[in-house]
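Dear colleague,

I am passing on the structure we spoke about, with the sequence alongside. My notes on what was found in it follow below.

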Amino acid sequence: MKRTVLITGSSRGIGRAIALKLAEGDYNIVVNYSNSKDMADNLADTIRAMGKDSIAVQADVSDYNQVKKMFDQVFDRFGKVDILINNAGISVYGMLQDTSIEEWHKVYATNVNGTFYCTKLAIPKMISQKYGKIINISSIWGLVGASCESLYASTKGAINTFTKSIAKELAPSGITANVVAPGVVLTDMSDQLDEEALEVVREETPLGRHSSPEEIADVVDFLVSDKGDFFTGQIISPNGGLVIQ
Ligand SMILES: NC(=O)c1ccc[n+]([C@@H]2O[C@H](COP(=O)([O-])OP(=O)(O)OC[C@H]3O[C@@H](n4cnc5c(N)ncnc54)[C@H](OP(=O)(O)O)[C@@H]3O)[C@@H](O)[C@H]2O)c1
(Lines give C-alpha, C1' and ligand atoms only; values in the text may rest on other atoms or scores of the structure.)
Protein backbone atom coordinates (compact mmCIF):
# COMPACT_ATOMS: atom_id res chain seq x y z
CA MET A 1 0.00 0.00 0.00
CA LYS A 2 1.27 3.45 -0.94
CA ARG A 3 2.47 5.68 1.86
CA THR A 4 0.59 8.88 2.57
CA VAL A 5 2.36 12.13 3.41
CA LEU A 6 0.64 15.09 5.05
CA ILE A 7 2.51 18.38 4.78
CA THR A 8 1.03 21.19 6.86
CA GLY A 9 1.23 24.67 5.34
CA SER A 10 2.06 23.44 1.86
CA SER A 11 0.16 25.96 -0.26
CA ARG A 12 3.27 28.16 -0.48
CA GLY A 13 6.98 28.38 0.30
CA ILE A 14 8.94 25.52 1.83
CA GLY A 15 5.88 23.29 2.29
CA ARG A 16 4.99 23.60 -1.39
CA ALA A 17 8.55 22.70 -2.40
CA ILE A 18 8.43 19.65 -0.09
CA ALA A 19 5.12 18.52 -1.62
CA LEU A 20 6.49 18.83 -5.15
CA LYS A 21 9.72 17.03 -4.27
CA LEU A 22 7.94 14.14 -2.55
CA ALA A 23 5.50 13.91 -5.48
CA GLU A 24 8.47 12.63 -7.52
CA GLY A 25 8.37 9.56 -5.23
CA ASP A 26 5.71 6.92 -4.67
CA TYR A 27 3.45 8.71 -2.15
CA ASN A 28 -0.08 10.04 -1.80
CA ILE A 29 0.32 13.72 -1.00
CA VAL A 30 -1.98 15.72 1.30
CA VAL A 31 -1.60 19.47 0.82
CA ASN A 32 -2.78 21.44 3.86
CA TYR A 33 -3.48 25.16 3.85
CA SER A 34 -5.12 27.73 6.05
CA ASN A 35 -6.26 30.51 3.67
CA SER A 36 -4.68 29.97 0.24
CA LYS A 37 -7.31 27.62 -1.23
CA ASP A 38 -6.55 28.35 -4.89
CA MET A 39 -2.81 27.81 -4.47
CA ALA A 40 -3.39 24.56 -2.57
CA ASP A 41 -5.94 23.28 -5.12
CA ASN A 42 -3.57 24.14 -7.98
CA LEU A 43 -0.74 22.29 -6.27
CA ALA A 44 -2.88 19.17 -5.75
CA ASP A 45 -3.87 19.38 -9.45
CA THR A 46 -0.19 19.63 -10.43
CA ILE A 47 0.67 16.59 -8.31
CA ARG A 48 -2.19 14.56 -9.79
CA ALA A 49 -0.91 15.53 -13.26
CA MET A 50 2.39 13.95 -12.14
CA GLY A 51 0.46 10.69 -11.71
CA LYS A 52 0.25 10.75 -7.88
CA ASP A 53 -2.89 10.93 -5.75
CA SER A 54 -3.25 14.25 -3.94
CA ILE A 55 -5.90 16.23 -2.08
CA ALA A 56 -5.86 19.76 -0.67
CA VAL A 57 -7.41 20.06 2.79
CA GLN A 58 -8.14 23.26 4.68
CA ALA A 59 -7.32 23.45 8.39
CA ASP A 60 -5.90 26.16 10.57
CA VAL A 61 -3.44 24.05 12.55
CA SER A 62 -3.87 26.27 15.61
CA ASP A 63 -7.50 25.08 15.92
CA TYR A 64 -7.80 21.51 17.22
CA ASN A 65 -11.32 21.01 15.81
CA GLN A 66 -10.17 21.98 12.31
CA VAL A 67 -7.12 19.71 12.59
CA LYS A 68 -9.35 16.82 13.73
CA LYS A 69 -11.65 17.37 10.74
CA MET A 70 -8.64 17.39 8.40
CA PHE A 71 -7.38 14.07 9.79
CA ASP A 72 -10.88 12.55 9.49
CA GLN A 73 -10.92 13.59 5.80
CA VAL A 74 -7.45 12.17 5.22
CA PHE A 75 -8.28 8.90 7.01
CA ASP A 76 -11.48 8.56 4.95
CA ARG A 77 -9.50 8.97 1.73
CA PHE A 78 -6.18 7.25 2.45
CA GLY A 79 -6.72 5.32 5.72
CA LYS A 80 -3.72 6.75 7.57
CA VAL A 81 -0.86 9.23 7.57
CA ASP A 82 2.48 7.43 7.34
CA ILE A 83 4.66 10.51 7.10
CA LEU A 84 3.82 13.80 8.81
CA ILE A 85 5.67 16.99 7.97
CA ASN A 86 4.83 19.72 10.50
CA ASN A 87 5.81 22.72 8.41
CA ALA A 88 3.05 25.33 8.93
CA GLY A 89 4.47 28.28 10.80
CA ILE A 90 4.26 32.02 11.24
CA SER A 91 6.74 34.58 12.51
CA VAL A 92 6.60 37.98 14.15
CA TYR A 93 9.54 40.36 14.09
CA GLY A 94 9.85 43.01 16.78
CA MET A 95 11.20 44.02 20.17
CA LEU A 96 9.94 41.87 23.04
CA GLN A 97 8.34 44.83 24.86
CA ASP A 98 6.31 45.58 21.72
CA THR A 99 5.10 41.99 21.34
CA SER A 100 1.42 41.81 22.22
CA ILE A 101 -0.17 39.08 24.30
CA GLU A 102 -2.33 38.19 21.27
CA GLU A 103 0.75 37.83 19.00
CA TRP A 104 2.47 35.65 21.61
CA HIS A 105 -0.49 33.27 21.86
CA LYS A 106 -1.09 33.21 18.09
CA VAL A 107 2.48 32.26 17.18
CA TYR A 108 2.60 29.59 19.92
CA ALA A 109 -0.83 28.29 18.87
CA THR A 110 0.27 27.89 15.25
CA ASN A 111 3.87 26.74 15.58
CA VAL A 112 3.77 24.68 18.79
CA ASN A 113 0.14 23.69 19.37
CA GLY A 114 -0.30 22.92 15.65
CA THR A 115 2.70 20.58 15.74
CA PHE A 116 1.32 18.85 18.83
CA TYR A 117 -2.25 18.50 17.45
CA CYS A 118 -1.11 16.96 14.15
CA THR A 119 1.35 14.64 15.87
CA LYS A 120 -1.24 13.51 18.43
CA LEU A 121 -3.73 12.63 15.70
CA ALA A 122 -1.21 10.95 13.38
CA ILE A 123 0.55 8.65 15.84
CA PRO A 124 -2.15 6.13 16.91
CA LYS A 125 -2.25 4.63 13.39
CA MET A 126 1.54 4.88 13.09
CA ILE A 127 1.90 2.97 16.37
CA SER A 128 -0.51 0.23 15.33
CA GLN A 129 1.31 -0.31 12.03
CA LYS A 130 4.73 0.05 13.71
CA TYR A 131 5.86 2.57 11.09
CA GLY A 132 5.85 6.34 10.88
CA LYS A 133 8.05 9.32 10.19
CA ILE A 134 7.59 12.79 11.65
CA ILE A 135 9.61 15.73 10.42
CA ASN A 136 9.22 19.06 12.14
CA ILE A 137 10.40 22.26 10.47
CA SER A 138 12.15 24.44 13.00
CA SER A 139 14.75 27.19 12.42
CA ILE A 140 18.33 28.07 13.28
CA TRP A 141 16.83 30.71 15.57
CA GLY A 142 15.44 27.87 17.67
CA LEU A 143 19.04 26.70 18.17
CA VAL A 144 20.80 29.95 18.97
CA GLY A 145 18.08 32.55 19.64
CA ALA A 146 17.54 35.76 17.71
CA SER A 147 17.31 39.38 18.76
CA CYS A 148 13.83 40.77 17.95
CA GLU A 149 12.55 37.25 17.36
CA SER A 150 12.26 35.92 20.93
CA LEU A 151 8.71 34.79 20.32
CA TYR A 152 9.40 32.98 17.04
CA ALA A 153 12.75 31.56 18.19
CA SER A 154 11.27 30.20 21.41
CA THR A 155 8.50 28.35 19.51
CA LYS A 156 11.19 26.73 17.37
CA GLY A 157 13.20 25.81 20.47
CA ALA A 158 10.06 24.15 21.83
CA ILE A 159 9.66 22.19 18.59
CA ASN A 160 13.27 21.00 18.84
CA THR A 161 12.81 19.64 22.38
CA PHE A 162 9.38 18.21 21.57
CA THR A 163 10.92 16.31 18.65
CA LYS A 164 13.80 14.92 20.70
CA SER A 165 11.31 13.74 23.34
CA ILE A 166 8.90 12.03 20.95
CA ALA A 167 11.86 10.44 19.16
CA LYS A 168 12.72 8.69 22.43
CA GLU A 169 9.12 7.84 23.27
CA LEU A 170 8.08 6.55 19.83
CA ALA A 171 11.21 4.72 18.65
CA PRO A 172 10.05 1.40 20.17
CA SER A 173 6.90 1.77 18.04
CA GLY A 174 8.90 2.06 14.82
CA ILE A 175 8.40 5.82 14.50
CA THR A 176 11.21 8.29 13.85
CA ALA A 177 11.06 12.04 14.52
CA ASN A 178 13.56 14.61 13.30
CA VAL A 179 13.88 18.35 12.89
CA VAL A 180 14.96 20.27 9.83
CA ALA A 181 16.16 23.68 11.04
CA PRO A 182 16.88 25.95 8.05
CA GLY A 183 18.71 29.25 7.95
CA VAL A 184 17.12 32.01 5.86
CA VAL A 185 15.06 30.61 2.99
CA LEU A 186 13.68 32.89 0.28
CA THR A 187 9.87 32.72 0.71
CA ASP A 188 6.99 35.04 1.64
CA MET A 189 8.10 34.68 5.28
CA SER A 190 11.62 36.00 4.70
CA ASP A 191 10.13 38.71 2.45
CA GLN A 192 8.74 40.27 5.64
CA LEU A 193 12.30 41.12 6.73
CA ASP A 194 13.70 44.35 5.33
CA GLU A 195 16.36 44.07 2.64
CA GLU A 196 19.09 45.37 4.92
CA ALA A 197 18.46 42.67 7.54
CA LEU A 198 18.47 39.98 4.84
CA GLU A 199 21.74 41.35 3.47
CA VAL A 200 23.37 41.31 6.93
CA VAL A 201 22.44 37.63 7.35
CA ARG A 202 23.71 36.83 3.86
CA GLU A 203 27.06 38.50 4.62
CA GLU A 204 27.35 36.58 7.91
CA THR A 205 26.65 33.28 6.14
CA PRO A 206 29.97 31.56 5.26
CA LEU A 207 28.52 30.23 1.98
CA GLY A 208 27.44 33.81 1.18
CA ARG A 209 23.83 33.22 0.14
CA HIS A 210 20.36 32.33 1.34
CA SER A 211 18.67 29.01 0.68
CA SER A 212 15.96 28.11 -1.79
CA PRO A 213 12.86 26.19 -0.62
CA GLU A 214 13.95 23.34 -2.91
CA GLU A 215 17.18 22.84 -0.94
CA ILE A 216 15.16 22.36 2.24
CA ALA A 217 12.83 19.98 0.42
CA ASP A 218 15.85 17.87 -0.60
CA VAL A 219 16.79 17.39 3.08
CA VAL A 220 13.23 16.38 3.95
CA ASP A 221 13.21 14.00 0.98
CA PHE A 222 16.36 12.33 2.28
CA LEU A 223 14.87 11.86 5.77
CA VAL A 224 11.61 10.52 4.36
CA SER A 225 13.45 8.05 2.12
CA ASP A 226 14.83 4.71 3.31
CA LYS A 227 18.26 6.37 3.40
CA GLY A 228 17.06 8.40 6.40
CA ASP A 229 15.80 5.40 8.36
CA PHE A 230 18.53 5.45 11.03
CA PHE A 231 18.01 9.12 11.90
CA THR A 232 15.83 9.93 14.88
CA GLY A 233 15.85 12.76 17.41
CA GLN A 234 18.25 14.73 15.21
CA ILE A 235 18.29 18.38 14.22
CA ILE A 236 19.56 18.77 10.68
CA SER A 237 20.30 22.36 9.83
CA PRO A 238 20.80 23.44 6.20
CA ASN A 239 22.10 26.95 6.90
CA GLY A 240 25.17 27.69 4.75
CA GLY A 241 27.41 27.61 7.83
CA LEU A 242 25.62 30.50 9.56
CA VAL A 243 25.26 28.32 12.65
CA ILE A 244 27.97 25.72 13.27
CA GLN A 245 27.54 23.72 16.46
N1 LIG B 1 11.54 31.25 5.23
C2 LIG B 1 12.50 31.11 6.12
O3 LIG B 1 13.49 31.86 6.10
C4 LIG B 1 12.44 30.02 7.15
C5 LIG B 1 13.60 29.72 7.86
C6 LIG B 1 13.57 28.73 8.82
C7 LIG B 1 12.40 28.06 9.07
N8 LIG B 1 11.27 28.38 8.39
C9 LIG B 1 10.05 27.63 8.73
O10 LIG B 1 9.59 26.93 7.59
C11 LIG B 1 8.17 26.79 7.64
C12 LIG B 1 7.59 27.30 6.33
O13 LIG B 1 7.97 28.67 6.17
P14 LIG B 1 7.83 29.45 4.79
O15 LIG B 1 9.01 30.36 4.72
O16 LIG B 1 7.56 28.50 3.70
O17 LIG B 1 6.53 30.32 5.12
P18 LIG B 1 5.48 31.01 4.14
O19 LIG B 1 6.06 31.19 2.79
O20 LIG B 1 4.97 32.19 4.90
O21 LIG B 1 4.31 29.89 4.03
C22 LIG B 1 3.64 29.52 5.20
C23 LIG B 1 2.76 28.33 4.92
O24 LIG B 1 2.17 27.94 6.18
C25 LIG B 1 0.77 27.98 6.06
N26 LIG B 1 0.18 28.39 7.32
C27 LIG B 1 0.40 29.49 8.06
N28 LIG B 1 -0.36 29.49 9.16
C29 LIG B 1 -1.08 28.34 9.12
C30 LIG B 1 -2.06 27.76 9.96
N31 LIG B 1 -2.44 28.35 11.09
N32 LIG B 1 -2.60 26.57 9.59
C33 LIG B 1 -2.22 25.95 8.44
N34 LIG B 1 -1.30 26.46 7.61
C35 LIG B 1 -0.76 27.64 7.95
C36 LIG B 1 0.47 28.95 4.95
O37 LIG B 1 -0.82 28.67 4.44
P38 LIG B 1 -1.73 29.79 3.70
O39 LIG B 1 -1.06 30.01 2.37
O40 LIG B 1 -3.06 29.16 3.58
O41 LIG B 1 -1.68 31.00 4.55
C42 LIG B 1 1.61 28.64 3.99
O43 LIG B 1 1.33 27.51 3.22
C44 LIG B 1 7.72 27.57 8.87
O45 LIG B 1 7.55 26.70 9.96
C46 LIG B 1 8.88 28.50 9.14
O47 LIG B 1 8.96 28.89 10.49
C48 LIG B 1 11.26 29.34 7.42
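To start with the ligand, a polar side-chain atom of S36 lies 2.5 Å from one of the ligand's oxygen atoms; please bear in mind throughout that this is a predicted model. A backbone N or O atom of I14 is placed 2.8 Å from an oxygen atom of the ligand, and an N or O atom in the side chain of K156 is 2.9 Å from a ligand oxygen. Taken alone, the ligand exposes 890 Å², of which the protein buries 94%.

The space that the ligand takes up is the largest pocket. Around the ligand there are 32 residues, and N35, S36, N87, Y152 and T187 come nearest; by type, the shell divides into 12 nonpolar, 16 polar and four charged residues. Among the elements that each supply at least two residues of this shell are α1 (13–22), β2 (27–33) and α6 (150–170), while α7 gives the most, with three residues.

Apart from the ligand site, the structure holds two cavities of 30 Å³ or more. The largest cavity, with a volume of about 40 Å³, has a lining that includes V92, Y93, C148 and E149, and the residues of that lining divide into five nonpolar, three polar and one charged. The second largest cavity has a volume of about 30 Å³, and its lining comprises three nonpolar, six polar and no charged residues; helix α4 (residues 101–129) gives the most to that lining, with four residues.

Best regards

Notes
Residues numbered from 1 in each chain as written. Predicted model: local features only at pLDDT ≥ 70, side-chain atom pairs only at ≥ 80, totals over all residues. Heavy atoms only, no water. 1 Å grid on protein atoms, 1.4 Å probe; cavity = no way out; pocket = protein on both sides within 12 Å on 5 of 7 lines; lining within 4 Å. Points joined across faces, edges and corners; volume = space filled by probe spheres on them. Nonpolar A, V, L, I, M, F, W, Y, C, P; charged D, E, K, R; others polar. Near = heavy atom within 4 Å. Polar contact = N/O pair within 3.5 Å; in protein donor to acceptor, adjacent residues only side chain to side chain. Areas by Shrake-Rupley, 256 points an atom, 1.4 Å probe, with all protein chains shown as cover. Sits in = over half its atoms within 2 Å of the grid points.
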